[in-house]
Amino acid sequence: MIPSFGSIFGEDLPAYFTMLTCAFVVCTWFAVRWGKQSRYDHEVLIDVALYSVITGVAGARLAHVLFDGYLMDYVHLCTDYTQVGWRITEGQCNAEWVQGSWDAAAQVCHPTEQDCFAPFRFWQGGLTWYGGMIGAVGYAMHIFRQEGFPRLPALDLAGLILPLGLFFGRLGCWFGGCCFGLVSDHPLAVSFPPWSPASEQQWRDGLLESPNVASLTVWPTQLMESLGSLLIAFVAIGLVHPRKQFHGQVFSISFGLYALLRFGLEFLRADDRGIYAGLATSQWISIGMLAFCAFVWMRASAHAKSEEARRAKAA
C-alpha cells in the first residue's frame with residue numbers, strides 16, 4: 001500500500017489518481033494510434049477521450065451514491081443529518097477533516113451540520129468502475145453518432161483499451177488499499193498496514209480491536225483484477241483483433257471476459273458495496289453486460305453476413 005508517490009512542486013501525488021492519469025494517457029495514445037492505422041478521424045477520438053473523463057467520473061460517482069449502500073446516508077446528510085452515524089474512532093471524529101460530534105454511548109460519530117453537496121465530492125472517495133464505464137462509453141457512443149463515426153468499430157476500440165485502463169486503475173486501488181478481499185490464510189493473501197481501509201473495515205466488523213494495527217491477511221483482489229484485465233487486453237489486442245471476422249467481435253469477447261472475471265472476484269471482495277438478492281451490484285451489472293455482449297455479437301455477426309451476401313450478389 002502506497003497512498004502517495006511523493007510530491008511535485010509542493011503538491012501531493014496521490015497514487016490512485018496518478019494511476020488513473022496513466023490509464024487515461026495510455027488509452028488515449030492507443031486510441032489515436034488505432035484511429036490513424038484504421039484511417040478513422042483520430043481528432044474525434046481525442047475529443048471523446050476528454051469528454052469521457054467528465055462523463056466517466058460522473059457515472060462512477062452516481063453509481064456509488066445510488067448502489068453502494070450509502071444512498072440514505074447521503075439523503076439524511078441533506079435532510080436530517082442527526083440520523084447519520086459513522087463507525088470511526090473518536091480521534092478520527094474529532095479530526096479537522098471530519099469535525100464530527102462523538103457519541104460515546106453509541107460509539108459512533110455524527111455530522112454536525114447539513115451537507116447537501118456530499119454526493120458530489122468525488123475527490124473524497126467513492127467511485128465505481130462499472131458506473132464510470134457506462135457513463136464514458138454511453139456518452140462516447142452519443143458523440144460518435146453525432147460525428148458519423150462508425151459505432152461498431154468504436155465499440156471494438158473500447159474492447160481494446162478499457163482492459164488496459166483497468167489494469168492501471170486497479171493498480172491504483174492496490175496502492176490506495178481500497179477494493180480489498182475477504183480474510184484468508186491462502187498463500188497469496190496479504191496484510192495491509194494500520195489505518196488502511198482493510199484495517200478500518202475489519203475493526204468495524206469486530207475482527208480487530210483497533211484500526212491502528214495491521215489488517216488480517218486478505219485476498220489481493222485489486223492485483224487479481226489488475227492482472228486479469230491485463231490478460232484480457234492481451235487476448236483482445238494480440239489474439240482476437242488481428243483475426244476478427246466482424247466489427248463488434250472484439251468488444252463482445254473483451255467485455256464478456258471482464259464481466260466473468262468481475263462476477264467471480266466479487267465473491268472474494270470484502271469492501272463496502274451494495275448487496276441485492278444475494279449478489280453485489282457489480283455482479284448484477286456483470287450479468288447485464290454478458291447479455292449485452294451476446295446481443296452485440298448476434299446483431300453484428302448477422303449484419304456482417306447480410307453485407308457479405310449483398311456484396312456477393314452485387315458481384
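Which elements cover the buried residues of α5? Let's look at this predicted model and find out.

## Helix α5 and its surroundings

The cover over the buried residues of α5 includes α2 (42-67), α6 (151-176), α9 (249-265) and α10 (281-314). Among the residues of α5 that are buried are W129, Y130, M133, V137, M141 and F144.

Helix α5 has 19 residues, running from 129 to 147. At 1.5 Å a residue it should span 27 Å, and because its end C-alpha atoms are 27 Å apart, the two values agree. After α5 comes G148, with a positive phi near 70°.

## The nonpolar cores

Two residues of α5 turn up again in the largest nonpolar core: M133 and F144, together with L162 and F255, have the most contacts inside this set of 37 residues. The elements giving it two or more residues are α1 (15-37), α2, α5, α6, α8 (221-240), α9 and α10. Helix α6 supplies the largest share, nine residues.

Take F255 as a guide: leaving aside neighbours within four places in sequence, F255 is in contact with M133, A158, G159, L162, M289 and C293. There is also a second, separate core of twelve residues, including M19, A23, A198 and V218.

## A network of charged residues

The structure holds seven salt bridges. One of them joins R170 to E225, with the closest N and O atoms 3.1 Å apart. This pair links distant parts of the chain, since R170 lies in helix α6 and E225 in helix α8, 55 residues apart. Both partners are buried.

E266 forms salt bridges with R262, at 2.7 Å between the closest N and O atoms, and with R269, at 3.4 Å. E266 is buried, with a relative accessible area of 3%. R170, E225, R262, E266 and R269 are linked in a network of salt bridges.

Notes. Residues are numbered from 1 along each chain as its sequence is written. This is a predicted model: local features need pLDDT of at least 70, side-chain atom pairs count only at pLDDT 80 or more; totals for chains, interfaces and linings use all residues. Side-chain values use heavy atoms; hydrogens and water are left out. Helices (H or I, at least four residues) and strands (E, at least two) are DSSP runs, numbered from the N terminus. The expected span of a helix is 1.5 Å times one less than its number of residues. Buried means under 20% relative accessible area, exposed over 50%, partly exposed in between (1.4 Å probe, protein chains only). Contact means heavy atoms within 4.5 Å. A nonpolar core is a set of buried Ala, Val, Leu, Ile, Met, Phe, Trp, Tyr and Cys residues joined through side-chain atoms within 4.5 Å. A salt bridge is a side-chain nitrogen of Lys or Arg within 4 Å of a carboxyl oxygen of Asp or Glu.
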